[in-house]
Amino acid sequence: MSYSLSWLPEVLERAGLKVAETPDWRTRGRGDMGPVRGVLCHHTATRAGGNMPTLDMLIHGRPDLRGPLCHLGLGRDGTYYVVAAGRANHAGPGAWEGLRNTGNTHLIGIEGENGGRPHDDWPEIQMDAYRRGVAAILDHIGAKANMCLGHKEWAPGRKPDPLFDMSQFRSQVAEILAGKSPPPPIAASDDQDRPTLRRGMRADAVKTVQALLGLQTDGIFGPQTEAAIRAWQRTNGLVPDGIVGPRSWEMLDLQRDAPAKPPQTPPAKDGNKASDTAIIDQIDVGLLKLAFSENTPQELAKWAEPIKTVCLRYGIDTRREICSFLANIAVESRGLTRMTESLNYSVDGLLRTFGRHRISEADARRLGRKRGERGLSLARQEELANLLYGGEWGRRNLGNTEPGDGWRFRGYGPKQITGRHNCTEFGKSIGMAIEKIPDYLRTREGGCMGAGWYWKSRDLDKFAATPGLEDDRRAINGGLHGLDVVQERFDRLMRELDRRGV
């Protein structure tokens, strides 16, 4: 069941803001909201680098407080991450403008990524997005700027966040609501003087973009053009904001200038079936449910198109390739239910999974989950990740060269892409900065893109074309962990394709 704040992305995008939707946000919450009265502003108080390093915690919560912990996360680059459409655990006891101890029910919570110390700066692009996002929400619910408040004002003496001046912030929000604020600070043109294009514009430059995307070239930036641009941006690893700015122009240039490839008939690759897009068309909810039995049909329906798109893009297009691809990422991601690697290992689990050459028994006993513990704190998981994926082993095998890389680049997405090197190379392939890769891999589109890129970059077609799954599994997992489950799901998928006659 979808909760009531499903309007959040549309309202923010209409205000010209960058928005990224996290998987399953529409059905995430501690129950539904009541009538929304205002917006409660927070900061994350997290010292980690990157754009939105706390996103996983905001979604899933902490050992002492279950998630979701907000409705929106605001990255340092001004991107809003939509976390939940239902009630979130973000307010606690407090009072403001007639509300008392009902903040979780009546206030939308925004967590801005910031260290929470006096010397931790707020980038202007983040603060501008904070003000505009709050104003857009207040305008949508018919509230005035006085219904924007800080956590420190809701719970004075108990909470200090955010550290910026809320009175000044409210005045700036009021100016935006009154139409007195200038447009968002997105560059008006790129280095070739091509204008930044938005919905509602009419220009020859719009015709240029429409032609490059294969649309009707009427020069009118209407809803169909915007939808096509968003879809193209998602496919190419850009923030799908529907705005053609300098980064989108650059990517369009790269695609336009790429040498055309002569049409080819793909060779037969699995010994009994030729490569055929008709096989990709068999990827539907019924087939996905056989691969991802842990998940629900409703959720898998949202994954079907991203998976088909990636299989087509990366040439995963024979029976054996598709079945091996789906079976392996099913095991890696627990049926597409886990987009971030969990380090919540027991003592025995650490030693069994990683071995004593990666972690000493003393460290496993110090950091691993003890009998009776519900789960490891994020601090212990972070220390584990930096121990297991750092040091000389992490540098040599994962390209983790900076302190904290083990945690920063732990496994993400259906494939659980791990390590600075893999994230860097994937980012290069889609034209995205490495700082944005972990968050992108946690989206459906980005996660599927990462899995497809990994398959192609490791030339896994050659393993899928041969009998047995040991080589496939070893190339994907680094070992044979979960091979029995992969084999069972692979066989199940192959039988279903046999039944369908493909």
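pLDDT is the predictor's confidence in each residue, on a scale from 0 to 100. This is a predicted model. The chain has a mean pLDDT of 88. Of its residues, 93% reach 70 or more. One stretch falls short: pLDDT stays under 50 over residues 259-275. For that stretch the model has 21 contacts beyond four places in sequence.

## Nonpolar cores

The largest nonpolar core holds 52 residues. Those that touch the most other members are Ile283, Leu288, Phe292, Ile307, Phe325, Leu326 and Phe426. Helices H10 (277-280), H11 (285-291), H12 (297-313), H13 (319-332), H19 (420-430), H20 (437-441), H21 (444-457) and H24 (483-500) each give two or more residues to this core. H13 supplies the largest share, 7 residues. Apart from this core lies another, of 45 residues. Its members include Leu74, Ala85, Ala91 and Ala129.

Two residues show how the chain folds back on itself around H13 and H21. Beyond its neighbours within four places in sequence, Phe325 is in contact with Cys311, Ile316, Ala451, Gly452 and Trp455. Trp455 lies in helix H21. Is Trp455 buried or exposed? Its relative accessible area is 2%, so Trp455 is buried; the cut-off for buried is under 20%. With neighbours within four places again left aside, Trp455 is in contact with Ile316, Glu321, Ser324, Phe325, Leu460, Asp461, Ala464 and Ile476. Gly482 stands 27 residues from Trp455 along the chain, and their C-alpha atoms are separated by 18 Å.

## Helix packing

Two packed helices are described by the angle between their axes and the distance between the axes. The table gives both values for two pairs.

| Helix pair | Crossing angle | Axis distance |
|---|---|---|
| H13 and H23 (470-477) | about 45 degrees | 11 Å |
| H4 (124-141) and H6 (166-177) | roughly 60 degrees | within 9 Å |

How does H4 lie to H6? The angle makes H4 oblique to H6. Their crossing is right-handed. On the H4 side, the contact is made by Met127, Tyr130, Arg131, Arg132, Val134, Ala135, Leu138 and Asp139. H6 brings Phe169, Gln172, Val173, Ile176 and Leu177.

H13 and H23 are likewise oblique to each other. H13 passes H23 in a right-handed crossing. H13 makes the contact with Ser324, Asn328, Val331 and Glu332. H23 answers with Asp472, Arg473, Ile476 and Asn477. Ser324 and Ile476 also appear among the contacts of Trp455.

Asp472 has a further relation, to Lys462. These two residues are 10 places apart in sequence and 8.9 Å apart in space, C-alpha to C-alpha. Lys462 is found in helix H22 (461-464). At 46% relative accessibility, Lys462 counts as partly exposed.

## Start of H12

Pro297 is found in helix H12. Is Pro297 buried or partly exposed? With a relative accessible area of 40%, Pro297 is partly exposed. Outside its neighbours within four places in sequence, Pro297 is in contact with Val285 and Lys289. Met52 is 245 residues from Pro297 in sequence and 30 Å away in space, C-alpha to C-alpha.

## Backbone features in loops

Which residues does a cis peptide bond join, with omega about 0 degrees? They are Gly67 and Pro68. Pro68 lies in the loop between strand E4 (65-66) and strand E5 (72-74). Another cis peptide bond joins Asp161 and Pro162, with omega about -10 degrees. Pro162 sits in the loop between helix H5 (151-154) and helix H6.

Positive phi values also occur. Asp193 is not a glycine, yet its phi is positive, about 65 degrees. Its place is in the loop between H6 and helix H7 (204-212). Asp193 is exposed, with a relative accessible area of 64%. Arg334, also a residue other than glycine, has a positive phi near 50 degrees. Arg334 is found in the loop between H13 and helix H14 (347-354).

Conventions: Residues numbered from 1 in each chain as written. Predicted model: local features only at pLDDT ≥ 70, side-chain atom pairs only at ≥ 80, totals over all residues. Heavy atoms only, no water. Core = buried A, V, L, I, M, F, W, Y, C linked by side-chain atoms within 4.5 Å. Buried < 20%, exposed > 50% of the residue type's maximum accessible area, 1.4 Å probe, protein only. Helix = DSSP H or I, 4+ residues; strand = E, 2+ residues; numbered from the N terminus. Contact = heavy atoms within 4.5 Å. Axes fitted to C-alpha atoms, helices over the stretch in contact; angles between N-to-C directions. Parallel < 35°, antiparallel > 145°, perpendicular 65-115°, else oblique. Left-handed = near helix turned anticlockwise from the far one by under 90°.
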